[in-house]
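Grab a coffee and load up your viewer. Below are a few short exercises, each with a worked solution to check yourself against.

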Amino acid sequence: MRYSYINPRKKSAFTEDMQLLLIFFSITLLMLSLTYIFLLFKEYKFTEDKKNMAQKQVDLNISIYNMKKQITLIEKQNILAENIHTKNAVLKDSITNLFDLVPQRITLSEATLLENGLILQGITPNKDVYNFMLQAPLRSIFHRTYSSFYPANNGWLRFVSTNYIDKEEEEDELDAE
Amino acid sequence: MRSSGLSRQNIYVLISSLVLLIMVLLFSFLVLIPKGKEYRIKRSEMIKVKKEAYRYEKFNNDTLSLLKKLQGANRYTITALSTPFSEDRFLKQHKKYFKTLNLSKRVVSEKDGVFLTYDVNTSSKISSPKSIYDFLDAINKSDWIIGVNFPIKFTREGDMIYSTFSMKVYETDKKDLNSSK
């Protein structure tokens, strides 16, 4: 370093202390600013994520609603199929019982199965055979039984038996069970 | 001349330090700390939203697995109810139980909830009641959901039994199928 009595040494406000101070505060402010930017970015990301999640929830809601609708439909289909299959099985039992019910001495010419009744037409050797072998079991099954006879050509009797189950009484019997 | 107090440069340093310190404090207390608080609130909100989203997703997955399970367990019923009734196929499958089997033209009878029903009148000749038992067993395993309706009439014709009855064929309404997808 050269010293002179004539030319004054250049003095600067940015001394080493000042530079150190500025560097220190610059780093501090930089760090604070970066933290602030980080917070701003996070906040923006939260808002975006929240928006996406809200949309996803709407989609999931629609998907759940549709799936529930399908589940209800399958349950309805299952109940319907089970009911129909049970009804067919019961019907098969009813027809089996009908043909088992008729004794060999009585010949049926027509049988009509109704939802709550049975109409039988046929021929019987005499009224007693009909009363003991067919009417008795019919009376045990049906609530109302009506029979009418008229003579056939071969000396036997033609009969028409009309039998009904009263729904109300049937429900009462089921309740009692 | 050397003053007894602080030098001018030290005063600069001191003033600069104070100004910068005030700036740092102002920035921290007025901007950064409120933002930090806001961030904490939003983060806790986000955790709640994430939990809710997880709950929704879990419920969606549970519902989906239940649906798949039901679809697997009821495959026959679902297929049978979505298959349109074919008279030719029905006759081909079930004619073996009867001497003769005739079907009348199917008629859309009514809409029972989500199901369309068709009435099909049937007349047949059988040699023994066993045929009708076999038919009723087979109808429960057929390609459609079919219910045999009352009245069922059996008439003796020589050695044969002539039977007439109506059947109800059930089919899921396509409109309901589409709307549920």
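**Exercise 1.** Which domains does the domain assignment of chain A give?

*Solution.* Keep in mind that this is a predicted model. Start with the bounds: the assignment gives domain 1 as 15-101 and domain 2 as 103-176. Next, take the centres over C-alpha atoms; those of domain 1 and domain 2 of chain A are 65 Å apart. Then look at the contact between these two domains, which takes 4 residues from domain 1 of chain A and 4 residues from domain 2 of chain A. Finally, sort the domain 1 side by class: 3 nonpolar, 1 polar and no charged residues.

**Exercise 2.** Work out whether the span of helix H1 (residues 16-101) of chain A agrees or disagrees with what its 86 residues should give.

*Solution.* Use 1.5 Å a residue, multiplied by one less than the number of residues. For the 86 residues of H1 of chain A that comes to 128 Å, and the end C-alpha atoms sit 122 Å apart, so the two agree. While you're on this helix, pick out its buried residues: Leu73(A), Ile74(A), Gln77(A), Leu80(A), Ala81(A), Ile84(A), Leu91(A), Lys92(A) and Ile95(A).

**Exercise 3.** Find out where the buried residues of helix H4 (residues 129-139) of chain B fall, seen down its axis.

*Solution.* First list them: Ile132(B), Phe135(B) and Ile139(B) are buried. Looking down the axis of H4(B), you'll see these buried residues within an arc of 55°, so they line one face of the helix. The background rule is handy here: an α-helix has 3.6 residues a turn, so residues three or four places apart point the same way. Now ask what sits over that face. The cover includes H1 of chain A, plus helix H3 (87-94), strand E3 (115-126), strand E4 (145-157) and strand E5 (160-172) of chain B.

**Exercise 4.** Sketch chain B and say which of its strands pair, and how.

*Solution.* Begin with the count, 5 helices and 5 strands. Along the sequence they read α-α-α-β-β-β-α-β-β-α. Now the pairing: strand E1 (residues 100-103) of chain B runs antiparallel to E3(B), with 4 bridges. In that pair, Leu103(B) stands opposite Thr122(B). E3(B) also pairs with E5(B), again antiparallel, this time over 12 bridges, and there Thr122(B) stands opposite Phe165(B). As for the contacts in chain B between residues at least 6 apart in sequence, 60% of them join residues at least 24 apart.

**Exercise 5.** Take apart the contact between the chains: how many residues does each one give?

*Solution.* Chain B gives 57 residues and chain A gives 53. On the chain B side, the elements with two or more residues are helix H1 (8-73), helix H2 (75-82), H4, E4 and E5. H1(B) supplies the largest share, 29 residues. By class, the chain B side splits into 33 nonpolar, 16 polar and 8 charged residues. Strands join across the chains too: strand E1 (residues 107-114) of chain A runs antiparallel to E4(B), with 4 bridges, and Thr112(A) stands opposite Lys153(B).

**Exercise 6.** Why does Ser86(B) count as partly exposed?

*Solution.* Locate it first: Ser86(B) lies in the loop between H2 and H3 of chain B. Now count. Ser86(B) has 13 C-beta neighbours inside 10 Å, and a residue is exposed at 12 or fewer but buried at 20 or more, so partly exposed is what's left. One last distance: the C-alpha atoms of Ser86(B) and Asp143(B), 57 residues apart along the chain, are separated by 9.6 Å.

Conventions: Residues are numbered from 1 along each chain as its sequence is written. Chains are lettered from A and ligands numbered from 1 in the order in which they are written. This is a predicted model: local features need pLDDT of at least 70, side-chain atom pairs count only at pLDDT 80 or more; totals for chains, interfaces and linings use all residues. Domain bounds come from an automatic or database domain assignment. Two residues are in contact if their C-beta atoms, placed from the backbone, lie within 7 Å. Ala, Val, Leu, Ile, Met, Phe, Trp, Tyr, Cys and Pro count as nonpolar, Asp, Glu, Lys and Arg as charged, and the others, Gly among them, as polar. The arc is that of the directions from the helix axis to the C-beta atoms. Two strands pair if DSSP finds at least two bridges between them.
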